[in-house]
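Colleague: I'd like to go through the pockets with you. Could you explain how each label is earned?
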Amino acid sequence: MISDTFFKMAQAEYDVAEYGLTYFLRSWDTEESPFLALPIFPNRNFRHSAIYVNVEAGITKPEDLAGKTIGEFALYGHDAGVWPKGILSDEFGFDPASCKWVIGGTDFPIPAFDWIPQPVSEGVDVRHAADGQTLSSMLESGEIDALISVDVPKAVLEGSTKIRRLFPDYEAVERDYYSRTGIFPMMHVIAIRKELAQEPGLVETIYKAYTAAKDQVEHRYRSHAAKQHMSVITPWFSQLFDENRALLGEDWWPYGLEENRKAVDTFLRYHYEQGLSKTLLTSEDIFVPALHQS
């Protein structure tokens, strides 16, 4: 599981690995942050779709979240939680401090991630779910009003009539968001120990290897368009692929700092505004200097 990789990074067991952005930034605020980031983003997803509500909670629009009790997967401020909170704040005036927060596992109970710093702004009410509780069951029963989760609750996948997304037509909302902002939210980066980042040519070699692998995958999708992506067992996938290329461009999953600066700096601002970073960082602060021009 990717959380196992994050745990081992936090324990300094790996020198280079994929790391959640918030996990990376929480380590940044320790006495001696061990990592720098490479502008390689293995995981992205639009996150309007990550917000779920109980149908009887009186939540029909984002503004209705004010004062509610909201569940959040794993951490107060997991990667897929920082983005929607920030977007809701920017676009709908949402204030996380107005809500009560319950942290836990979506469909399986999980312990507190006490191996990573857990900053919470003063005045924000956060508690961990009780032993044996899951956020999905709490949402379905009405014990919590809403949920922000990287995972789709099992109850939703099974067709529960008690839970719906805050944005039912989330694809249209997310496409509009990208059209207006140019931001394709990233969740993870590749992190490297600071002392290794000083090795001549090392970060450039790692960056080129990841970029070559990503470019190869993108090329395969493009070339398979001629055969209507018969290797993908999803009907009408080619139409979706064409629509995505038209919106996102030929390099729809860009690496490098310049193509991602706005998205990264937006995440860094959200992380700071939500009380998860001690200082407002910029892209130049967190990425290895050798790749600032990538």
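**Pockets and their linings**

Modeller: Happy to! This is a predicted model. Let me start with the second largest pocket, whose lining splits by class into 14 nonpolar, six polar and four charged residues.

Colleague: Which residues lie nearest the centre of the second largest pocket, and how many line it?

Modeller: The lining has 24 residues, and I2, S3, F73, V150 and D151 are nearest the centre. Phe, Ile and Val count as nonpolar and Asp as charged, so F73, I2 and V150 go in the nonpolar class and D151 in the charged one. The space in this pocket is about 520 Å³.

Colleague: Which elements give two or more residues to that lining?

Modeller: Those are α1 (2-10) and α3 (79-92). The largest share is from α1, with three residues.

Colleague: Now the largest pocket: what makes a residue part of its lining?

Modeller: A lining residue has an atom within 4 Å of a pocket point. For the largest pocket, with about 820 Å³ of space, 31 residues are in the lining, and N45, F46, F184, N244 and W253 are the closest to the centre.

Colleague: Which elements supply at least two residues each there?

Modeller: α6 (170-181), α8 (202-224) and α9 (237-248) do. Seven residues come from α9, the largest share.

Colleague: How many residues of that lining are charged, and what makes a residue count as charged?

Modeller: Asp, Glu, Lys and Arg count as charged, and 10 residues of the lining fall in that class, alongside 17 nonpolar and four polar ones.

Key. Residues are numbered from 1 along each chain as its sequence is written. This is a predicted model: local features need pLDDT of at least 70, side-chain atom pairs count only at pLDDT 80 or more; totals for chains, interfaces and linings use all residues. Side-chain values use heavy atoms; hydrogens and water are left out. On a 1 Å grid over the protein atoms alone, a cavity is a set of points where a 1.4 Å probe fits but cannot get out, and a pocket is an open set with protein on both sides within 12 Å along at least five of seven lines; lining residues have an atom within 4 Å of a point. Grid points are joined across faces, edges and corners, and a volume is the space filled by probe spheres set on the points. Helices (H or I, at least four residues) and strands (E, at least two) are DSSP runs, numbered from the N terminus.
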